[in-house]
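Here's a protein model to walk through at an easy pace. Have the viewer open and follow along.

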Amino acid sequence: MANIDSTYSKPFLTVPEQISQLRSHGLECGSDEFAASVLERFGYYRLSGYFHPYRKPAPVNSRSRGARNGDFVRGASLAQVVELYEFDRMLREKVSAVISTIEISFRFFLGHRLGARHPFAHRRPELLGSSIPSDAHPPTSYVKWLREYDRQEGRSQDSFVLHFREHYGKHLPVWVGTEVMGFGVLNGLYRIAPDSDREVLAARFQILARQGRGNSGALANWLNHLRHVRNVCAHNGRLWNRTLDVLIEAPSGDNGDHLAHVHCLSDARVKNKIYGSLVIMRHLLLSIDPDRTDVIKIINFVRKRARRIGFSLGDLGFSPGWSSEPLWQPGFRLPRAPMIAASLLDRIPCSSQVGIRTLLVSTPMSSLMSTGHTQQGVPTGGPAARRHLLTSYRKYRAVIEIELAGVRYFPDFQFRDGAIINALAEINQTFARMCPRATPERAAQAQLDWWQTTNECLPRGSDGAERSPLSLLTEVSESEFTRAVTAVHATESFVPPTVCTLTT
């Protein structure tokens, strides 16, 4: 006989006995037929989690704060319990739908960034977090992650997965692999991704650390919290007054007013309640689709049902004065600049300011001199001059730059042989003068649009396809590029940004 380690001694009760017990404690159950149908549909134990608001408070000297005894308050009914249960069911559906939107968006962002490094970056640990040498053993954390991912990839039978297996082999590129990962494995991949990619993604979602950089730890925590909430919803768990297992981490550091709208996350009463979940869901959705008000609709739904059913918003972690918070105003928006900048970084390979300066400084002098670089006062010469090349390029607006969370990035195509391409610099300067009032992000967006958009007037490629100025620049010499662009007046197709000096 099994040795069961439990002191539980309550007897098994049939459904009629359960009804009788509820009535003995003062709960109005209606007809036996109604009560039996309810208990058989939901189960006594599941419904017991919804009895709490209708039970009498425990004696003042009770050890458990807010505890209730076994008796119900006068007028409490099983129908009210069912209404509270149905509210919770609808709340789970609404919350789950928003988390799904956030999850799908994050799948793309992560797969896209890692895919730019290598189609199978997730299977190349040396390309991930800690720059592991290709001939070294990957850390245990990666091995465990890969084992779980392989299990999920192997069992997937989606049509797009079957197509890849049939045509290319059993392993999926990372932008496809992210579509078959569970939320936990997806978050695990984010945690082992390169630091620079994790910071860019956190900055895209405008979750910042003390130095203004993307707070990748906080984003990983938020995703893990939402994974837990999503699992509660998926398994039909009680959500409305639940104490959630994964505490929300408030972005740390001095962020000024930028994250003031989520200041309530520092409150211990909010960190593990559904209200805190709604706060981070609202913030993340504002970074994905600013015009969607799904979370505000959930908030209004909760408020109306609280008045109708009679439960306290405090049970869900709503903080005092929550309704006056800017976050819950339909017109509230996050700054647009980080979203635009992050999208630009996804469009084209870029290097940080540190990386570009290293490139310029480490380039042999013969390479620099071979360019004959004298672009409008940009210095050439010894090591000191080379160190200041990028500063000069920026001063004369000869280079496209993208700033995100305090880090400057520069599209790589602008540089050749350790210096900026002269013909490109002149075009960039011309375009910059045409954007006098545009924000830096909008100006950079307009310039990249021109460089990456095909132009029917430019010489076609060897395959007969139309080429963009960028593709032409990478395929021909600088002098050929200049002649081709000048001959067809290609720069006249540049479209300056129409939205100027906007911060939101």
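What follows goes from the whole chain to a few strands and helices.

Keep in mind that this is a predicted model. The protein has 504 residues, and 47% of them count as buried. Its secondary structure comes to 21 helices and 7 strands. How do the contacts spread along the sequence? If you take contacts between residues at least 6 apart in sequence, 66% of them join residues at least 24 apart. As for the outside, the accessible surface is about 25,200 Å², with 51% of that belonging to carbon and sulfur atoms.

Now zoom in on strand β5, residues 407-411. Is this strand mostly covered or mostly open? It's mostly covered, with 4 of its 5 residues buried. β5 pairs with β3 (residues 350-352) in the antiparallel sense, over 3 bridges, and there you'll find Ser 351 standing opposite Phe 410 of β5. Strand β4, residues 402-404, also pairs with β5 in the antiparallel sense, again over 3 bridges. In that pairing Ile 402 stands opposite Tyr 409 of β5. β4 and β5 make a hairpin with 2 residues between them, and Ala 405 in the turn has a positive phi of about 50°.

Next, a pair of helices. Two packed helices are described by the angle between their axes and the distance between the axes. For α9 (residues 195-204) and α13 (residues 337-347), the angle is about 145° and the axes lie 8 Å apart. On the α9 side the contact is made by Val 200, Ala 203 and Arg 204; α13 brings in Pro 338, Met 339, Ala 342, Ser 343, Leu 345 and Asp 346. Sort the residues of this contact by type and you get 6 nonpolar, 1 polar and 2 charged.

Last stop: helix α19, residues 440-452. Why does its length agree with what you'd expect of a helix? At 1.5 Å a residue, its 13 residues should span 18 Å, and its end C-alpha atoms are indeed 18 Å apart, so the two values agree. Which of its residues are buried? They are Glu 441, Ala 443, Ala 444, Ala 446, Gln 447, Leu 448, Trp 450 and Trp 451. These buried residues tie back to elements you've already seen, since they pack against α13, β4 and β5. They also pack against the helices α18 (422-433), α20 (469-475) and α21 (478-487).

Notes
Residues are numbered from 1 along each chain as its sequence is written. This is a predicted model: local features need pLDDT of at least 70, side-chain atom pairs count only at pLDDT 80 or more; totals for chains, interfaces and linings use all residues. Side-chain values use heavy atoms; hydrogens and water are left out. Buried means under 20% relative accessible area, exposed over 50%, partly exposed in between (1.4 Å probe, protein chains only). Contact means heavy atoms within 4.5 Å. Accessible areas come from the Shrake-Rupley method with a 1.4 Å probe; for residues, only the protein chains shown count as cover. Two strands pair if DSSP finds at least two bridges between them. Axes are lines fitted to C-alpha atoms, for helices over the stretch in contact, and angles run from 0 to 180 degrees between N-to-C directions. Ala, Val, Leu, Ile, Met, Phe, Trp, Tyr, Cys and Pro count as nonpolar, Asp, Glu, Lys and Arg as charged, and the others, Gly among them, as polar. The expected span of a helix is 1.5 Å times one less than its number of residues.
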